[in-house]
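Dear colleague,

Please find below the structure that I am handing over to you, together with its sequence. My notes on what was found in it follow.

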Amino acid sequence: MKPPHDLERVRADDNQNWFHPWEYMPDAGHADRAIASHGEGIYVYDEHGQQLIDGPGGMWCVQIGYGRREMADAIAEQVLRLPYMNPFSLTSAPPAELAARLAALAPGDLKHVFLTTGGSTAVDTALRFVHFYNNIRMRPDKKHIISRANAYHGSTYLGALVTGKDREQNWFDVASPFAHLLPHVNPARRPRGQSIAAFCAEKVNDLEAKIEELGAAQVGAFIAEPIQASGGVIVPPEGYLKRCWEVCRKHDVLFIADEVVTGFGRLGHWFASKDVFGIEPDMIICAKGLTSGYLPLGACLVSDRLFRDVAGAQARGASFGHGFTYSGHPVCCAAALKNIEIMERENLLAHVREVAPHFQRRLRELAEIPMVFDVRGMGLVGCVECTVAHLLEAAHDDEALLTLDTDLGTRIDRHCHALGLLVRPLVNQCVFSPPLTITHEEIDQMFDKLREGILRTMHDIEQEFGIKVA
Ligand SMILES: Cc1ncc(COP(=O)(O)O)c(C=O)c1O
C-alpha cells in the first residue's frame with residue numbers, strides 16, 4: 001500500500017507539534033519514532049513498507065487484528081445514521097444494546113454499565129462511584145482506596161492517584177490522603193528462600209493489615225488489575241486474588257477489578273475475574289479490547305447490589321453527577337458490538353485458550369538466555385525481563401554498565417524492529433500481547449525474532465564492554 005503522506009512532512013509535524021503521551025522530554029523535537037503506515041492481520045507496516053509483527057497488539061488492544069473491512073463498514077454506517085447523540089437526555093440502540101451485551105457477558109450481577117471514553121475515565125468512574133455510594137449511604141468516612149505498587153490505572157488525576165509506578169508518578173503531584181499503595185506482588189522479586197505460598201500469604205496480609213490500620217469503616221475500595229500489565233505483566237501467586245477478594249468481603253470493602261488488559265479475550269475469556277481467578281468483583285473496568293482499539297471506548301460495570309443501594313427510594317434525591325460528552329458514543333458502541341460479533345463468530349476465546357500454552361512455552365524457553373532475568377505471563381500476554389546487573393563486578397562497576405539495564409528494552413526493540421517485530425520496551429522489559437488471531441506459526445515467528453533480538457543485544461553488550469554475559 002502506498003503511504004498517503006509525505007513522510008518528511010509527517011516527521012516534521014510530529015516533532016514540532018505532536019506532544020506525545022510519555023514524551024521523553026530530553027528528546028522532544030528530535031525524536032525518531034517509526035512512522036506506522038497501515039496494518040493487516042497481526043502486522044503493522046512502517047514508512048519503508050517493512051512488515052512488523054505487532055508484538056504488543058497496539059497497546060494490548062488490537063484483539064481482532066488490523067484491516068477488518070466489516071469494522072469499517074459498521075463504523076461508516078453508524079456515522080451516516082447517527083454520528084452523535086446526547087447521552088444525558090437521549091438513548092439510542094448501539095449504547096443500549098452494548099450495555100445489555102456487556103451485562104450478559106460479565107460475571108455475577110454486574111448489570112449496570114457506565115460507558116466512558118477509555119480506561120482512565122472508567123477508573124475515574126469507579127472511584128467516584130465509591131465516594132458517591134458512601135455519601136448516599138451516609139458513610140462519609142468510607143473513602144480510602146487501596147491499590148498496589150506497580151499498578152497502572154490511567155493518566156487522569158484519579159487514575160494516577162492509584163497508579164503505583166514510579167515512572168508515572170515522578171515529577172507529578174499526585175498525593176492524596178485517600179490513596180494507599182501496598183508493596184509489590186511480584187513473585188520473582190520475593191526474598192530469597194521464601195516459598196510462593198509464604199509470599200502469597202504475606203501479600204494478602206498486606207491488604208488486610210492496611211484495612212485494619214486505616215479502619216474498615218474508612219476504606220471504600222481495593223482496586224486491582226488481575227494481572228498487572230504495564231507494571232511488567234506481574235502474575236500474582238495462585239489464590240492471591242481470591243483471598244484478597246475474601247478479605248474485602250469480610251471488611252465490607254468494595255473490590256474493583258481493572259480488566260482493561262485482562263478482559264476481552266486476553267486470557268481466553270470475556271472477563272478473567274471469575275473464569276480465571278474465581279472472583280466476582282463489585283465493579284469491573286474494561287476498555288481497549290472492547291473495540292479492538294478501532295475506536296476509543298471504556299466501561300465501568302457496577303453490580304446490581306451496589307446500584308440498588310443508591311437508586312430509587314434509597315437515592316435521597318441525588319443524581320450521579322458524572323459523565324462525559326462522549327459517554328455511550330453511538331459510533332464507538334457500534335464498533336464494540338461488531339467487535340464482539342467478530343470475536344464470537346471466529347471463536348476467538350477458544351482460539352486463545354488453544355494457542356496460549358504454545359505462546360507461554362515459547363516465552364519460557366527464553367529463560368535460558370543468560371541476559372534474561374525472568375519470563376512470565378498468562379494467556380496471550382507475556383513479559384521478558386532482562387538484566388546485566390549481575391555483571392557489574394566483572395566490569396568493575398563501570399558507570400555506563402550501571403545504567404545499562406534501563407536501556408535494555410530499547411536496545412532489544414531496535415534489533416527486533418530490524419528483524420520485523422514490534423516490541424513494547426518498558427525499561428529492561430519487553431511486553432507482548434499480540435492480536436488474539438495469532439496462529440501457532442506466527443507465534444513461532446514472533447519468538448524466533450525476539451530470541452534473535454535479545455541475542456544480538458547481548459552480543460553488542462559483550463563487544464562494547466569487553467565482558468562475557470553468559
Ligand atoms: C490496567 C489499565 N487500566 C487503565 C488503563 C488506562 O486506559 P486508557 O489509556 O484507555 O485511559 C490502562 C492503560 O494501559 C491499563 O493498562
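In which loop does Arg316 lie? Arg316 is placed in the loop between α11 (304–309) and α12. Please bear in mind throughout that this is a predicted model.

**Arg316 and its partners**

Arg316 is exposed, since its relative accessible area is 53% and the exposed class begins over 50%. Its contacts, leaving aside neighbours within four places in sequence, are Asn135, Ile136, Arg137 and Met138. Two backbone oxygens are involved in polar contacts with the side chain of Arg316: that of Asn135 at 3.1 Å, and that of Ile136, which lies 2.7 Å from a polar atom of the side chain. For orientation, the C-alpha atoms of Arg316 and Asn205 are separated by 37 Å, with these positions 111 residues apart along the chain.

**Asn134 and His144**

Asn134 belongs to helix α5 (residues 119–136). Is Asn134 buried or exposed? With a relative accessible area of 1%, Asn134 is buried, because that class covers values under 20%. Leaving aside neighbours within four places in sequence, Asn134 is in contact with Arg139, Pro140, Lys142, Lys143 and Gly220.

Gly220 also appears among the contacts of His144, a residue of strand β5 (residues 144–148). Beyond the neighbours within four places in sequence, His144 touches Pro177, Phe178, His180, Leu214, Gln218, Val219, Gly220 and Ala221. The contact with Pro177 includes a polar one: the side chain of His144 reaches the backbone oxygen of Pro177 at 3.1 Å. His144 counts as buried because its relative accessibility is 15%, under the 20% limit.

**Domains and nonpolar cores**

The protein is divided into domain 1 (34–64 + 347–465) and domain 2 (70–345). Taken over C-alpha atoms, the centres of the two domains are 28 Å apart. Across the boundary, 30 residues of domain 1 are in contact with 34 residues of domain 2.

The largest nonpolar core holds 103 residues, of which Phe222, Phe255, Leu301, Met371 and Leu450 touch the most other members. Helix α12 (residues 330–345) gives the most to this core, contributing nine residues. Why does this core lie between domain 1 and domain 2? Both domains give residues to the core, and it therefore lies between them. In general, nonpolar side chains in soluble globular proteins tend to be buried together.

One of the residues named above, Met371, may serve as an example of the packing. Leaving aside neighbours within four places in sequence, Met371 is in contact with Glu385, Cys386, Thr387, Val388, Leu408, Ile412, Ile454, Thr457, Met458, Ile461 and Val469. Apart from the largest core lies another, of 25 residues, including Ala126, Val130, Tyr133 and Ile136. Ile136 is also the residue whose backbone oxygen lies 2.7 Å from a polar atom of the Arg316 side chain.

**The ligand site**

Which residues are around the ligand? They are Gly118, Gly119, Ser120, Tyr152, His153, Gly154, Glu225, Asp258, Val260, Val261 and Lys288. The polar contacts of the ligand include these:

- Ser120: an N or O atom of the side chain is 2.5 Å from an oxygen atom of the ligand.
- Asp258: an N or O atom of the side chain is 2.7 Å from a nitrogen atom of the ligand.
- Tyr152: a backbone N or O atom lies 3.4 Å from a nitrogen atom of the ligand.

Taken alone, the ligand exposes 390 Å², and the protein buries 83% of that area.

**Backbone angles to inspect**

Most residues other than glycine have a negative phi. Two residues in this model have positive values. Trp60, in helix α2 (residues 57–60), has a phi near 60°. Asp252, in the loop between α9 (240–250) and β8 (254–258), has a phi of about 55°. Trp60 is buried, with a relative accessible area of 4%, whereas Asp252 counts as partly exposed at 38% relative accessibility.

With kind regards

Key:
Residues are numbered from 1 along each chain as its sequence is written. This is a predicted model: local features need pLDDT of at least 70, side-chain atom pairs count only at pLDDT 80 or more; totals for chains, interfaces and linings use all residues. Side-chain values use heavy atoms; hydrogens and water are left out. A nonpolar core is a set of buried Ala, Val, Leu, Ile, Met, Phe, Trp, Tyr and Cys residues joined through side-chain atoms within 4.5 Å. Buried means under 20% relative accessible area, exposed over 50%, partly exposed in between (1.4 Å probe, protein chains only). Helices (H or I, at least four residues) and strands (E, at least two) are DSSP runs, numbered from the N terminus. Domain bounds come from an automatic or database domain assignment. Contact means heavy atoms within 4.5 Å. A residue is near a molecule or strand if one of its heavy atoms lies within 4 Å of it. A polar contact is a pair of N or O atoms within 3.5 Å; within protein, one must be able to donate a hydrogen and the other to accept it, and residues adjacent in sequence count only if both atoms are side-chain atoms. Accessible areas come from the Shrake-Rupley method with a 1.4 Å probe; for residues, only the protein chains shown count as cover.
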